[in-house]
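User: Could you take a close look at the place where the ligand sits and walk me through what surrounds it? I'm a first-year student, so a friendly, step-by-step picture would help.

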Amino acid sequence: VITATAHRGLVLLSPVPIYLCYDAPPIFSGTAMTFSTSTAASSTTLPAFGSLPLRSELQESIEALAYESMTAIQAQALPPLLEGQDVIAQARTGSGKTAAFAIGLLNKLDTQSYCTQALVLCPTRELAAQVATEIRKLASTLANTRVLTLCGGRPMGPQLASLRRDPHIVVGTPGRILKHLERETLRLEAVQTLVLDEADRMLDMGFHDDIMKIIQKTPASRQTLLFSATY
Ligand code: AMP
């Protein structure tokens, strides 16, 4: 447990402890499920989602998706994440990382409050689309949840129209998110959860300064979740 970390120049400071989680190699690429013995959740039996303090709607959607047990990264990250701790997790594509942070942000979402409560930053349009799809699947039992993707290379018009309908969750790439912040078409002062997905890739792609400007627009009280394939 640490209280601050430097990640290739990205320094995250937190008033609460940050949990570091390590993930096993991707487990959904074949039939065999293998977990690194060096991970905390390396036993062959992983816990069921029923052991987590989740709202009933989320338990229902997890059941509907037939997610019988947690993946290694979910078993490690979800308990501190659901307590509101900041989490830094090493997790590759295929590990179930998206569901880990999606469950965390959806568990505290107030669907009656029409403001942006969660922001997920992704390095690419393709990843943003996949993340939004996973969030929408898990949010299917939470009535009226609005998830909006904001990525570059897409026309501004439809994005502006969707922003006027106050999305609860915004998933996007840093450049386009920053453009909306500069135009004041997106407001982040009600953000409770900030996710940096594939943070190492975003930094490699030169998004450091954009990310820092975006973070400054979010409340200091937010929960920050950083997922990266490497350290
Ligand atoms: P990701 O690593 O987030 O790209 O997830 C890889 C795939 O695993 C996605 O298709 C998810 O829907 C699926 N998935 C996530 N969590 C679980 C789980 N606990 N059990 C089974 N499949 C899962």
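Analyst: Happy to! Keep in mind that this is a predicted model. A good place to start is Gln 74, where an N or O atom of the side chain lies 2.8 Å from a nitrogen atom of the ligand. The backbone joins in too: a nitrogen atom of the ligand is 2.9 Å from a backbone N or O atom of Ser 69, and a polar backbone atom of Ser 95 is 2.9 Å from an oxygen atom of the ligand. On its own the ligand has 500 Å² of accessible area, and the protein covers 77% of that.

Now step back to the whole shell. It has 16 residues around the ligand, and those that come nearest are Tyr 67, Gln 74, Gly 94, Gly 96 and Thr 98. By type, the shell residues are 8 polar, 4 nonpolar and 4 charged. Two helices, H3 (97–107) and H4 (125–138), each supply at least two of these residues, with H3 giving the most, 3 residues.

Helix H3 also leads us away from the ligand. The largest nonpolar core has 42 residues, and Ile 103, Leu 106 and Ile 135 are among those with the most contacts inside it. H1, H2 and H4 are among the elements that each supply at least two residues of this core, while H3 gives the most, with 7 residues. For one example, look at Ile 135: beyond its neighbours within four places in sequence, its contacts include Ala 102, Leu 106 and Val 120. In soluble globular proteins, nonpolar side chains tend to be buried together.

Notes: Residues are numbered from 1 along each chain as its sequence is written. This is a predicted model: local features need pLDDT of at least 70, side-chain atom pairs count only at pLDDT 80 or more; totals for chains, interfaces and linings use all residues. Side-chain values use heavy atoms; hydrogens and water are left out. A residue is near a molecule or strand if one of its heavy atoms lies within 4 Å of it. A polar contact is a pair of N or O atoms within 3.5 Å; within protein, one must be able to donate a hydrogen and the other to accept it, and residues adjacent in sequence count only if both atoms are side-chain atoms. Accessible areas come from the Shrake-Rupley method with a 1.4 Å probe; for residues, only the protein chains shown count as cover. Helices (H or I, at least four residues) and strands (E, at least two) are DSSP runs, numbered from the N terminus. Ala, Val, Leu, Ile, Met, Phe, Trp, Tyr, Cys and Pro count as nonpolar, Asp, Glu, Lys and Arg as charged, and the others, Gly among them, as polar. A nonpolar core is a set of buried Ala, Val, Leu, Ile, Met, Phe, Trp, Tyr and Cys residues joined through side-chain atoms within 4.5 Å. Buried means under 20% relative accessible area, exposed over 50%, partly exposed in between (1.4 Å probe, protein chains only). Contact means heavy atoms within 4.5 Å.
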